[in-house]
Each structure stands twice: as C-alpha cells, then as structure tokens.
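Me: I am new to this structure. Please take me through it, one point at a time.

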Protein chains: 2
Amino acid sequence: MNRHLFLTDRSLSLPGWLAAFPEARVRPHPASGDEFTDTAVRLAWIHVGPADDVAARVRVAARVLPGARLIVLANVPGQNQGLAALEAGASGYLSALAAPELLRQVASVIENGGLWVGPELLDRLLAAIAPRDGARRAPAVLDRLTPREREVALAVAGGAANKEIANRLGIAERTVKAHLGAIYETLGVRDRLQLSLLINGLPKPGN
Amino acid sequence: MNRHLFLTDRSLSLPGWLAAFPEARVRPHPASGDEFTDTAVRLAWIHVGPADDVAARVRVAARVLPGARLIVLANVPGQNQGLAALEAGASGYLSALAAPELLRQVASVIENGGLWVGPELLDRLLAAIAPRDGARRAPAVLDRLTPREREVALAVAGGAANKEIANRLGIAERTVKAHLGAIYETLGVRDRLQLSLLINGLPKPGN
DNA sequence: GCCGGTATTGAACCAAAGGACGATGAGCCG
DNA sequence: CGGCTCATCGTCCTTTGGTTCAATACCGGC
C-alpha cells in the first residue's frame, strides 16, 4: 500500500516521517517538465524550504499525482507560505518537524476529506477576511498589563535592551527584569522576542 | 475523565454525539451572567441553531470553561456562521449531524492544538483573501543574505531560539550562531530582536 | 489597621546569546 | 592549481536575559 509519497530534495527530516508512515515512498521533487503520472498515490507530502516556490511545487505535484491530496511540510513554517500553499491547492500545511503522531493525525483528517490548518495560519486567514480596526489590536494585550509594565513592554517591543530601558525610565535594571518576568507570565510568552511579535501583532511561533 | 462537555438546549442529536464520546457530559448552554467555572473540561461542543448568536455562545463558553477548546456543532452549517464562530474563538465548526467517526477525528485534531475547518469554509476564506497581493512582497533586506542565512533569519524573525533553529535545520547550534553573526554584520543590527523588527518591516530599529 | 496590588531593589544563579579566536570541506572561477 | 564564497563545527569567554530566593514601600479599600 504505497499510498503515501514524500517529495523532498533533502533527507534530514526523513526519520520522523518514516516513523509515522514506514511504508511510505520517498522521491525527489518532480521538475515542472516531468511527464510521468502516478494515480496510486493518495497522499503526497511536499517538503519545502522557506525560499522555495511553494505554489509551483504544489501545482507540479497536483499534475503528476492526479489522485492525491497534497500536504506541504515546511522547514520554516510561515503564514505567507502557508497561504500560498493552500491557495495553490494543498490540503494541509505544517512544520516538517511535526511529531509522527501529528503527521498521522493530519493524514487521517485529509484522507477523510478535511483540510488541516494550524492555529496561527487560521488567525491570519480570519484577520484577512474580517479586517477589524488594526489600531485596536495591540492595546488588547497591553490592557492586561499594569501602566508600568506597559511602558516596559512597549520599550522591549521597540527593540530596547534592559539596560536602556532602565536608564530611560530611571530605575534599576533589576526592576526592568522584574516587570518583564511579570509580563511574560501574564501574556504567556517566553522571552522578549515573542513579546515583541505579540505586541506588534505579528505571526506567533509554531506551525 | 469528563473532559468532554456538550452544551445544548435540544437533545435531538445526542445519540450520535454520545456514540462518539460515551463518557461525555451534557448540560444546557450557560447564560451570559452565569458565574460558575469548570477548568477540567478540555473540549466543549457548542450546539447552535441557524438563528443563534454563535459568537455570544462561544464567548460565554470561553469564559466559564477557561481550560477548554471550543467546537461549534451547527444544526444548519453555513459559511457566515462558521466564520463568526471561528472569529469568536472556536477551534472548529462542523455539522451537528456529523458521524461519530468524524467527531472523534475533529476532537483529536483540536486536542493537539490544531483547528478544524471544513473544505467549503476554507475555500471561502481563501477566496476572500485572494484579491490581496499588493502588500505581498518579501522584505528586500533578505536579498542581501545567503540562502542559508535567509532561512536562519526568517526563523529568528518568527521567534525561534537558536536551539530550535539548529534542530529544525539539522545543524549545530554553533552554526546557527555563526550565521547569525554574519547576518547581524551584513544588515547592521545588534541582536535578534532588532533583526526581527527589520525583517517584519516594523517601525524602526533605532537605538 | 490590615490586606492586596503595584513599584521598587538586592544577591545569586542559571541559561541563552553573542563574539573571538580557529578549523574543515565543497564548489566555483579564472 | 590557487583563491574565493559558503556552510559547517569546536572551544573558550563575556554579556545579556531570565529566574529564584527574597525585602521594602506606597496606596486604596474594607
């Protein structure tokens, strides 16, 4: 039952994939001019890097594998790339490092006619279709902080170092750290970079 | 293991649901003023009719069930209602008449952090955002980096830690640092946070 | 007057990030 | 061939970031 086919030019992530589907086949990406077809494949996993043309990969795969549903495995998952994949006809988009368990789950969903979309990507879709006032988004998270924490959070989101913030606010660096610890706790982020992404209303990490 | 909870005011569809989750509990929709909370519920299934205010139902459920992911079961599924449900914070939207097998599948997906969207609804989402291409251009700064550096830079801009990037790319953490050092040099930034701001095209990396 | 939230700071510690040396190998180009 | 870029990795070290123990002080409400 070679219903699963992995398309990749690198083999780094193979172990995880084959753990999920030991019976799967693997082959390099078809070129846009390739003429062969294979109708036996039910599910094709398309491995892409951040710089690859995902839409082209998906379209070529759709042509040579007429009977297959297509899932994109991203080395570095990103929302724009995810959108491109789905628009090109892919049925799923997730990290190439996803656990075997997750891979099997996604396969099950898609074989049954569903589509898989990660949480952040769906957020992006919703944001695109229902453009709420962008000026009201950042404050939503900032409202959960105390005034002083807000000052610190905004400075960090702008790229400032702890020492700079301490000087700017006339307090000890230790106090900046204290505020930051409280901020991470209440907003559920792990460090200043993710805080910056959150405040600036950008993609959150994950698949 | 009462991790599943069905919220409904009618009981017509109950048999199918309980076939999927025999151990689930069932209770009427909470009112907007209800004060109880239940953090044990992992997955809450919200049953709505075509005339219900699905957003309100979802928000109330989110309040009284802080630890739960929310799935809307629609008596008469519709795209607009699906959108409203997802915007309000639901993690899934499907027909109340779905087969038990599908219910279990959706539950599995959502418990693992995913979201469930039916094919038609996703088509609708994609169609709605398709006519947006003007704002779609990769930052020019990335052109000044080598391909590998670009991968690392994008991962950092997404909030990843060095160790994560190393695993993702299958290289040593030391190599990630090497690439980052070169990136900082090339782009004239001092750390990963300012790199993130630069790539994400935000305000300014000013000092 | 006490209590909870906020703001502040210290010492110490651990983890992550970044720089400073250096090194190897693959691939390209004149 | 020799030089060049790119990618890879190692060790040692410093700086920065983040956490874990605190403690002090103000302020508003009950």
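Me: Is the crossing in which H6(B) passes H7(B) left-handed or right-handed?
Reply: H6(B) passes H7(B) in a right-handed crossing, that is, with the near helix turned clockwise from the far one by less than a right angle. The helices are DSSP runs of H or I with at least four residues, numbered from the N terminus. Please note that this is a predicted model, in which local features need pLDDT of at least 70, side-chain atom pairs count only at pLDDT 80 or more, and totals for chains, interfaces and linings use all residues. Residues are numbered from 1 along each chain as written, chains are lettered from A and ligands numbered from 1 in written order, and side-chain values use heavy atoms, without hydrogens or water.

Me: At what angle do H6 and H7 of chain B pack?
Reply: H6 (residues 147-157) and H7 (residues 162-169) of chain B pack at about 135°, and their axes are 10 Å apart. The axes are lines fitted to C-alpha atoms over the stretch in contact, and angles run from 0 to 180 degrees between N-to-C directions. The two helices are therefore oblique to each other, a word for angles that are not under 35 degrees (roughly parallel), over 145 (roughly antiparallel) or 65 to 115 (roughly perpendicular).

Me: Which residues of H6(B) and H7(B) meet?
Reply: From H6(B) come B:Arg148, B:Glu151, B:Val152, B:Ala155 and B:Val156, and they meet B:Ile165, B:Arg168 and B:Leu169 of H7(B); contact means heavy atoms within 4.5 Å. This contact has five nonpolar, no polar and three charged residues. Here Ala, Val, Leu, Ile, Met, Phe, Trp, Tyr, Cys and Pro are nonpolar, Asp, Glu, Lys and Arg are charged, and the others, Gly among them, are polar.

Me: And how far apart are the axes of H6(B) and H8(B)?
Reply: The axes of H6(B) and H8(B) are 9 Å apart, at an angle of about 90°. These helices are therefore roughly perpendicular to each other. Among the residues making the contact are B:Val152 and B:Val156 of H6(B) and B:Leu180 and B:Ile183 of H8(B). By class, the contact of H6(B) with H8(B) divides into seven nonpolar, one polar and two charged residues.

Me: Changing topic: how many residues surround DNA strand C?
Reply: DNA strand C is surrounded by 19 residues, and the closest are A:Thr146, A:Ala172, A:Arg174, A:Thr175 and B:Arg192. A residue is near a strand if one of its heavy atoms lies within 4 Å of it. The surface near strand C has seven nonpolar, five polar and seven charged residues, and H8(B) gives the most, with five.

Me: Which side chain has an N or O atom 2.8 Å from a base oxygen of strand C?
Reply: That side chain belongs to A:Arg174. The side chain of B:Lys177 likewise has an N or O atom 2.8 Å from a base nitrogen of strand C, while a polar side-chain atom of B:Tyr184 lies 2.9 Å from a phosphate oxygen. Such polar contacts are pairs of N or O atoms within 3.5 Å.

Me: What about strand D: which residues come nearest?
Reply: Of the 18 residues around DNA strand D, A:Arg174, A:Arg192, B:Thr146, B:Ala172 and B:Arg174 come nearest. A polar backbone atom of B:Ala172 is 2.6 Å from a phosphate oxygen of strand D. The side chain of B:Arg174 has an N or O atom 2.7 Å from a base oxygen of strand D.

Me: Which helix supplies the largest share of the surface near strand D?
Reply: H9(A) does, with five residues.

Terms used. A polar contact is a pair of N or O atoms within 3.5 Å; within protein, one must be able to donate a hydrogen and the other to accept it, and residues adjacent in sequence count only if both atoms are side-chain atoms.
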